[in-house]
Amino acid sequence: MTTVAFIGLGAMGKPMVRHLLAAGHTVRASVRRPEAADAARMLGAEPFFSHADAARGAEVVFTNVTSSEDVRSVLLGPGGAVEGAAPGTICIDHSTISPVVTREIADVLEARGLEMLDCPVSGGTAGAEAATLTIMVGGKAEVLERVRPLISLFGKTITHIGGHGAGQVAKLCNQIAQVVNIEGIAEAMRFAQAQEVDPQRVLQAMSSGLAGSRMLDMMGPKMVSRQFGAGIEARLHDKDFGLAAEVARAAGLNLPAMQATAAQLQMLMEKGWGKDDTSSLLRVLEQ
């Protein structure tokens, strides 16, 4: 059994902690507020009000937070995990952040005698709850093998992509393909509406044809039934597209479909629908 620290008890982090605890591991949870400490105790984790304290005595430190600078702060900032973690500790970041920042953090951790794996995930909160996440890994292959039993508690599809930052690159590729697909589905549904054809029947026909996909199966029914409550909040896709656009600009890449979809996501955010599902791209077209 392993003692681990976990930073980021959000919608994804809580079920991941439950899986760790159910497998018999000890979890030291970093929290900021008393109510978060109570929630950690209810899960069965031991709460700490400092990232450094949570990391002290842990063999592995998990992070699952929002932004690149959040990861940098919780690991390397004042009171960060690096201040409490012993040499040889493995830091596993499940956040979706910049591959450039990931490499910078990994270099600092390595200089301190710590290892890092960037392990962004796909599957959303439902995948986290069901332990069916797809996990993309950047870092040393031998380090991944040391912690594979832990990561396997979150999902069985674990792919080592390459060195530090490669996991984040794969996740951004996933997001580009995913959200451009959602925009395509929204445009198809809007086209059917405009032609006064039953979108439900169109969806049924598309699903069994070459347009069929996981995203069509997930997003098509939401658009047809106009159920825009969040499965994956659109603001998170908008954040990820910002990361991808930043990397693409630095590389001098022209990605027109991604750029057009990014503009639609920005309009969605301006409408105040950032906490709704990304299927709300249909509503943007209707406006």
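**A domain, an enclosed helix and an annotated lysine**

Over residues 3–162, the chain is 41% helix and 24% strand, and the C-alpha atoms at the two ends of this stretch are 27 Å apart. The structure described here is a predicted model. In UniProt, residues 3–162 are listed in an unreviewed entry as "domain: 6-phosphogluconate dehydrogenase NADP-binding".

A good place to start exploring is helix H1, which spans residues 13–22. Seven of the ten residues of H1 are buried, so this helix is largely enclosed by the rest of the structure. The buried residues are Gly-13, Pro-15, Met-16, Val-17, His-19, Leu-20 and Leu-21. What surrounds them is a mixture of strands and helices: the buried residues of H1 pack against strands E1 (3–7), E2 (26–30) and E4 (60–63), and against helices H2 (34–43), H6 (124–130) and H7 (141–151). Just after H1, Gly-24 takes a positive phi of about 95°.

Leu-20 offers a closer look at this packing. Leu-20 lies in H1 and has a relative accessible area of 0%; because buried means under 20%, Leu-20 counts as buried. Leaving aside neighbours within four places in sequence, Leu-20 is in contact with Val-4, Phe-6, His-25, Val-27, Phe-62, Leu-150, Leu-153 and Phe-154. Leu-20 and Thr-3 are 17 residues apart in sequence, while their C-alpha atoms are 9.8 Å apart in space.

Attention now turns to Lys-171, which the UniProt annotation "active site" covers in an unreviewed entry. Lys-171 lies in helix H8, made up of residues 166–194. Is this lysine buried or exposed? At 7% relative accessibility, Lys-171 counts as buried. Not counting residues up to four places away in sequence, Lys-171 touches Thr-96, Pro-120, Val-121 and Met-136. With Val-121 there is a further detail to look for: the backbone oxygen of Val-121 lies 2.8 Å from a polar atom of the Lys-171 side chain.

Helix H8 also meets another helix, H10 (residues 214–225). Two packed helices are described by the angle between their axes and the distance between the axes. The axes of H8 and H10 come within 10 Å and cross at roughly 40°, and the two helices are therefore oblique to each other. Their crossing is right-handed. On the H8 side, the contact is made by Gln-178, Asn-181, Ile-182, Ile-185, Ala-186 and Met-189. H10 contributes Met-215, Leu-216, Met-219, Gly-220, Met-223 and Val-224.

How values were computed
Residues numbered from 1 in each chain as written. Predicted model: local features only at pLDDT ≥ 70, side-chain atom pairs only at ≥ 80, totals over all residues. Heavy atoms only, no water. UniProt positions renumbered as here; feature names shortened; annotations may be inferred. Helix = DSSP H or I, 4+ residues; strand = E, 2+ residues; numbered from the N terminus. Buried < 20%, exposed > 50% of the residue type's maximum accessible area, 1.4 Å probe, protein only. Contact = heavy atoms within 4.5 Å. Polar contact = N/O pair within 3.5 Å; in protein donor to acceptor, adjacent residues only side chain to side chain. Axes fitted to C-alpha atoms, helices over the stretch in contact; angles between N-to-C directions. Parallel < 35°, antiparallel > 145°, perpendicular 65-115°, else oblique. Left-handed = near helix turned anticlockwise from the far one by under 90°.
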